[in-house]
Amino acid sequence: MILLWFMIFVNLSTNKIVVFAWWEQFFCEHKNVETHFPTLLLQIYQKYWFSRAVVLNGPGWFTHLRVWCLALNSLGFLYPGKIKFFSVSKLDFFRTFFKADFLPSQWLIYLGQKRQWWLYDFTASTYQTVVFDNLDLQDIDCFIDEIYETDYQKMLHLGFENDQLVCSFWNQIKKLALDQFSAHFADEIFPDYMIEPTVTLKQ
């Protein structure tokens, strides 16, 4: 039996895709995302029979966004009318927590590349592309987007608990209900790349 309103949280916007389902976390690596994720998603669905998927959707690695959104939509096609999707971009996520007086105004945002990030200033509504390794993080009043297998003092951590989006930063935790975000539940989800792909043309 499908549990009414049971939700999972899928973070497509970090270096490893992670799915929060109840008290479990499921990870999917770069190297096997195209073959592993559709199978993993179906296993999670058949274990929890979730009816809602909250998705942190871009910017991030293009293959992650494309493959996972395709797999989520395919699952919705297999079980028509059973699953709704709530898609939140990282900018909307961070902006909402900033307006809740929880995050500083400057953000270092992971774009799916190890070196190139966005340094985004919410107050000025501007951003610049920066090389992460060249930054002196002590001189920047900002937070660092979550990436796995590393940790920085100013790195935030994202999660989902009791149907609320969770952000922890400098040992502080803030939870916000979904109705505080600009997104809404829909029958389909589309990858929110937010940047143009880099294409190399063969001569």
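Visitor: How much accessible surface does the chain have, and what share of it belongs to carbon and sulfur atoms?
Guide: This is a predicted model. The accessible surface of the chain is about 11000 Å². The share that belongs to carbon and sulfur atoms is 52%.

Visitor: What percentage of the residues of the chain count as buried?
Guide: A residue counts as buried when its relative accessible area is under 20%. Of the 203 residues in the chain, the part that counts as buried is 50%.

Visitor: What radius of gyration does the chain have, set against a compact globule?
Guide: A compact globule with 203 residues would have a radius of gyration near 17 Å. The value for the chain agrees with this, at 17 Å.

Visitor: In which order do the 6 strands of the open sheet stand?
Guide: The pairing in this sheet is mixed. β3 (24–28) and β13 (185–186) each have a single partner strand, so they stand at the edges, with one side of each left without a neighbour in the sheet. The order is β3-β2-β1-β4-β5-β13.

Visitor: Which helix packs on the sheet?
Guide: The helix in question touches β1 (7–11), β2 (17–21), β3, β4 and β5. Its direction makes about 35° with that of β2. It covers residues 62–78 and is helix α2.

Visitor: How do strands β4 and β5 run, and which residue in β5 stands opposite A53?
Guide: Strand β4 covers residues 52–56 and strand β5 residues 84–88, with 5 bridges joining them. The two strands run parallel. Opposite A53 stands F85.

Terms used
Residues numbered from 1 in each chain as written. Predicted model: local features only at pLDDT ≥ 70, side-chain atom pairs only at ≥ 80, totals over all residues. Heavy atoms only, no water. Pairing = 2+ DSSP bridges. Helix = DSSP H or I, 4+ residues; strand = E, 2+ residues; numbered from the N terminus. Contact = heavy atoms within 4.5 Å. Axes fitted to C-alpha atoms, helices over the stretch in contact; angles between N-to-C directions. Rg over C-alpha atoms; globule rule 2.2 N^0.38 Å. Buried < 20%, exposed > 50% of the residue type's maximum accessible area, 1.4 Å probe, protein only. Areas by Shrake-Rupley, 256 points an atom, 1.4 Å probe, with all protein chains shown as cover.
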